[in-house]
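Open the structure in your viewer and get ready to select residues by number. We will go from stop to stop, and at each one you will find something to look at.

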Amino acid sequence: MTERITTPFGFASTADEVIAGVDLSGKRAIITGGAAGIGIETARSLAAAGAEVVLGVRRVAAGEQAAADIAASIGAERVTVRALDLADQTSVRQFVAGWDQPLHILVNNAGIMALPELERTAEGWEMQFATNFMGHFALTVGLHNALAAADGARVVSVSSSGNLFSPVIFDDLHFAFRPYDPLLAYGQSKSAEALLAVEATRRWADEGIYSNALNPGAIATGLQKHTGGLKSPKEMHKTPQQGAATSVLLAASPLLDGIGGRYFEDCAEAPVVTDRPADYSGVAAYAVDPGNAERLWAVASDLIS
C-alpha cells in the first residue's frame with residue numbers, strides 16, 4: 001500500500017497560493033473549457049507564473065474575453081484561444097492536428113453535468129460520457145507525442161465527487177438498455193476521467209508523463225445549470241480560486257513531481273472508499289482500479305479508431 005500524498009495546502013487554499021514561487025517560464029499549457037469558472041482561474045494562475053496558456057473552448061468569443069481579462073489582471077498577454085468542441089471528434093482531431101510544439105501541461109477541465117434528457121453525439125454516444133471523457137481521451141491520446149516531447153509533462157483531469165454515483169458500466173456505456181438517469185450518466189463520466197489518469201500514468205510514466213485526477217469541490221458555476229445550483233451545505237462551498245487550487249497543484253507544483261495515477265481533493269490525495277460517504281468525500285475504489293482503467297482505455301481506443 002502506497003502512502004497517501006499530503007501537502008501544506010488544504011480546503012481553503014487558493015490557486016495563487018499553491019503556485020507561489022513556481023516559475024513556469026518557457027512552459028506551455030492547454031486548458032479545456034478555460035473561459036469561465038475554475039478554468040479561467042486555473043489559466044490565470046498558470047499564466048501569472050509565466051506559462052504560455054492556450055484555452056481550448058467551444059465558444060471562441062467567450063474564450064477571447066477570458067484571455068483579455070487575464071491579460072488585464074496579470075499585466076501580460078500569455079493566453080491565447082483555439083476552438084475545441086469536445087463532443088465533436090472532428091473538432092478534437094483538428095485541434096490536435098494544429099498543435100506542433102512540446103506540451104508541458106494539459107488540464108482536462110471542461111465538462112457538462114446532469115443533462116435532463118438523453119442526448120447523443122453523431123456517433124450515438126451519450127453526451128456526458130462523450131464530452132467529459134471521450135473528448136478528453138481523444139485529446140490526451142492525440143497530444144501524446146507533444147507531451148512526451150516536453151521531457152516532463154503533466155495531465156490533469158478534473159473529475160468530481162460525482163464518481164461516487166456510478167462506476168463505468170462497460171456493457172451499457174450509452175444507455176441503450178438502462179433508463180437514462182442524469183446523475184448516473186454524470187457519475188459514469190467522472191469515474192471514467194479518474195480512470196484516464198490511472199492508465200495514462202501506467203502507459204506513459206517512462207516518458208516523463210504523469211497524470212492525476214481531482215475533485216475541485218463545490219463551486220457555484222454554470223456547471224449546475226440543470227440542477228438548480230449547488231445543493232451542498234454552504235460550509236462546503238468554495239470560491240473559483242479555491243476550486244482551482246487542486247488543479248493548479250497537480251499541474252505545476254514541484255510537490256507532485258513523479259506522482260501519477262492518483263485522485264486528489266482539497267489539495268491532498270483522497271482516501272479510496274468502498275461505500276459512498278455522507279459528505280461525498282473520497283474516490284470510489286472502482287474509479288482508481290487499474291483493471292478498469294486498462295479496460296476503459298481499450299474500449300475508448302476502439303471507439304475513436
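## First stop: a long-range salt bridge

Select Arg154 and Asp257, which form a salt bridge whose closest N and O atoms are 2.5 Å apart. The pair connects distant parts of the chain, 103 residues apart: Arg154 belongs to strand S5 (residues 153-158), while Asp257 sits in the loop between helix H9 (245-252) and strand S9 (263-265). Keep in mind that you are looking at a predicted model.

Now switch on the surface. Which of the two partners is buried, and which is exposed? Arg154 is buried, with a relative accessible area of 13%, whereas Asp257 counts as exposed at 53%.

## More salt bridges

A search of the whole structure finds 9 salt bridges, so there is more to explore. Next, select Glu199 and Arg203, another salt bridge, with 2.8 Å between the closest N and O atoms. Both residues lie in helix H7 (residues 182-204), 4 residues apart, which is about one turn of the helix. Why does that spacing suit a pair? An α-helix has 3.6 residues a turn, so residues three or four places apart point the same way.

Glu199 is buried, at 0% relative accessible area, and Arg203 is partly exposed, at 38%. Add Arg202 and Glu294 to your selection: salt bridges with shared partners join these two with Glu199 and Arg203 into one network.

Then move to Arg178 and Asp172. Their salt bridge has its closest N and O atoms 3.2 Å apart. Asp172 is buried at 7% relative accessibility, while Arg178 is partly exposed at 22%. Show Phe175 as well, and you will find Arg178 over the face of its ring, 3.9 Å from the ring centre. For another charge over a ring, select Lys238 and Phe11, where the distance to the ring centre is 5.0 Å.

## Rings in pairs

The whole structure holds 6 aromatic pairs. One of them is Phe133 with Phe137, a tilted pair with 5.7 Å from centre to centre and 35 degrees between the planes. Both lie in helix H5, 4 residues apart, and both are buried.

Now select Trp204 and Trp297. How are their rings arranged? They are edge-to-face, with 5.4 Å between the centres and 85 degrees between the planes. Trp204 is in helix H7 and Trp297 in helix H10, so this pair ties together parts that are 93 residues apart in sequence. Trp204 and Trp297 are buried too. Add Phe129 to the four rings you have seen, and you have a cluster linked by ring pairs: Phe129, Phe133, Phe137, Trp204 and Trp297.

## Last stops: helices H4 and H3

Select helix H4 (residues 89-97) and colour its buried residues: Gln89, Ser91, Val92, Phe95 and Val96. They span an arc of only 155 degrees around the axis, which places them on the same side of H4. Turn to the other side, and you meet Gln94 and Ala97, which are exposed. Among the elements covering the buried residues are strands S1 (28-32), S2 (52-57) and S3 (79-83), along with helices H5 (127-142) and H10 (290-304). At the N-terminal end of H4, look for the cap: a side-chain oxygen of Asp88 lies 2.9 Å from the backbone nitrogen of Thr90.

Finish at Gln65, in helix H3 (residues 60-74). Gln65 is partly exposed, at 47% relative accessible area, and its side chain makes a polar contact of 2.9 Å with the side chain of Asp69. Show Ala35 too: Gln65 and Ala35 are 30 residues apart in sequence, and 7.8 Å apart in space from C-alpha to C-alpha.

How values were computed. Residues numbered from 1 in each chain as written. Predicted model: local features only at pLDDT ≥ 70, side-chain atom pairs only at ≥ 80, totals over all residues. Heavy atoms only, no water. Buried < 20%, exposed > 50% of the residue type's maximum accessible area, 1.4 Å probe, protein only. Helix = DSSP H or I, 4+ residues; strand = E, 2+ residues; numbered from the N terminus. Arc of directions from axis to C-beta. Contact = heavy atoms within 4.5 Å. Polar contact = N/O pair within 3.5 Å; in protein donor to acceptor, adjacent residues only side chain to side chain. Salt bridge = Lys/Arg side-chain N within 4 Å of Asp/Glu carboxyl O. Phe/Tyr/Trp six-rings, centres within 6.5 Å; stacked < 30°, edge-to-face > 60°. Lys NZ or Arg CZ within 6 Å of the ring centre and 35° of its normal.
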